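Colleague: I should like to learn how charged contacts and metal sites are read from a set of coordinates. May we work through an example together?

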Amino acid sequence: MSAPVERTPLGHRDPIVVGDEARLAEHAPAGLLILRCEPEAAAEPFRLATGVDLPRAVGTTGIGDDLEALWLGPDEWVLITAAEPTRLRERLRAGLAEQHYQLVDVSDAYAGIEIGGRHARNLLAKLVTIDLHPRAFAAGTAVATMLAKSSIWLWLTAEDPVFRLFVRRSHADHVWCLLSDAGREWGLPPAIPIGRVPLQVP
Amino acid sequence: MFRITCPYCGPREPTEFTNGGEAHISRPQHPEQLSDAEWAEFVFMRSNTKGVFAERWCHSGGCRKWFNALRDTATDEILAVYRVGEDRPWTDRA
Ligand SMILES: [Zn+2]
């Protein structure tokens, strides 16, 4: 029997860099956890367990040492960590033991893509319908929305700009190709999907 | 542009939403005691309003929460959105 091979969802895609115009790379954090709970009761135990304030409104994020919490809904968050998530999971289980909550490890279910360069906002604006103008979408903003027909989480981590996008693993190559195609006016190459079915850019 | 305002996320494209039909229809407490006609009334019969209509929507492409909206079925204008459990607001149109 051969040994299991560890692959990231977009391991077959090399990063694309076009000077400072636009760049695309896989960004695969080690841990993604979905937390669902009643924030009225759970915010304080969550803060004690993680040092992070649970974000409470659309678009907001809570940032800690190696933990980022993105608001997905009034009782749902995704927790992102660069470290292997076992210890965070245990810490939350201990801290939230008295709460009514649900914690699910979805680390292997999602793919992450980082989009940067000075045209990143315009590139994404071709594919999402939310307002990405800096006055509406400043650094630190994150939303759950749609990119073409895929559900995504979109997070602006830095004003440079650097966006991080998370999508279901099975949509990853499709979304990668849509992004690359949307960037062709700034020199990104046409991308051929894994299945070699030509793209229909909306 | 046609927009729907999610009570949790704010205005978004209609493609992010799923319609759930007429709102404020309670499931019978004891379905096993209903006649076929009464069960059919609950399952199939709707008010088919022309004008202001309370209906359910789900922000399926965003926060995935269900909420209610008042929509004028003749003009597609959305007059109010409100959370599940909140009372139906009344407008000057009905
Ligand atoms: Zn919403």
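Colleague: Which residue forms a salt bridge with B:Glu55, and how far apart are the closest N and O atoms?

Modeller: Please bear in mind that this is a predicted model. In general, side chains of opposite charge can pair when their charged atoms come close. Here the partner of B:Glu55 is B:Arg71, with the closest N and O atoms 2.5 Å apart. The pair links distant parts of the chain, since B:Glu55 lies in strand β4 and B:Arg71 in strand β5 of chain B, 16 residues apart. Both B:Glu55 and B:Arg71 are buried.

Colleague: Is B:Arg12, which forms a salt bridge with B:Glu16, buried or exposed?

Modeller: Buried means under 20% relative accessible area. B:Arg12 has 4% and is therefore buried; B:Glu16, at 1%, also counts as buried. Their closest N and O atoms are 3.1 Å apart.

Colleague: What does chain A offer in the way of such contacts?

Modeller: A:Arg164 and A:Glu114 meet in a salt bridge at 2.8 Å, N to O. This pair joins strand β11 to strand β8 of chain A, across 50 residues. In addition, salt bridges link A:Asp20, A:Glu21 and A:Arg118 in a network. Over all chains, the structure holds 18 salt bridges.

Colleague: Which residues coordinate the zinc ion, and why is the arrangement called tetrahedral?

Modeller: The donors are B:Cys6 (SG), B:Cys9 (SG), B:His59 (ND1) and B:Cys63 (SG), at 2.0 to 2.4 Å. The arrangement is tetrahedral because the four donor atoms subtend angles of 104 to 117° around the zinc ion. The sequence spacing of the donor residues is C-x2-C-x49-H-x3-C. Of these donors, B:His59 and B:Cys63 are buried.

Note on methods:
Residues numbered from 1 in each chain as written. Chains lettered and ligands numbered in written order. Predicted model: local features only at pLDDT ≥ 70, side-chain atom pairs only at ≥ 80, totals over all residues. Heavy atoms only, no water. Donors = N, O, S within 2.8 Å, 3.2 Å for Na, K, Ca; no water. Tetrahedral: all angles 85-135°; square planar, octahedral: opposite > 155°, others 65-115°. Buried < 20%, exposed > 50% of the residue type's maximum accessible area, 1.4 Å probe, protein only. Salt bridge = Lys/Arg side-chain N within 4 Å of Asp/Glu carboxyl O. Helix = DSSP H or I, 4+ residues; strand = E, 2+ residues; numbered from the N terminus.
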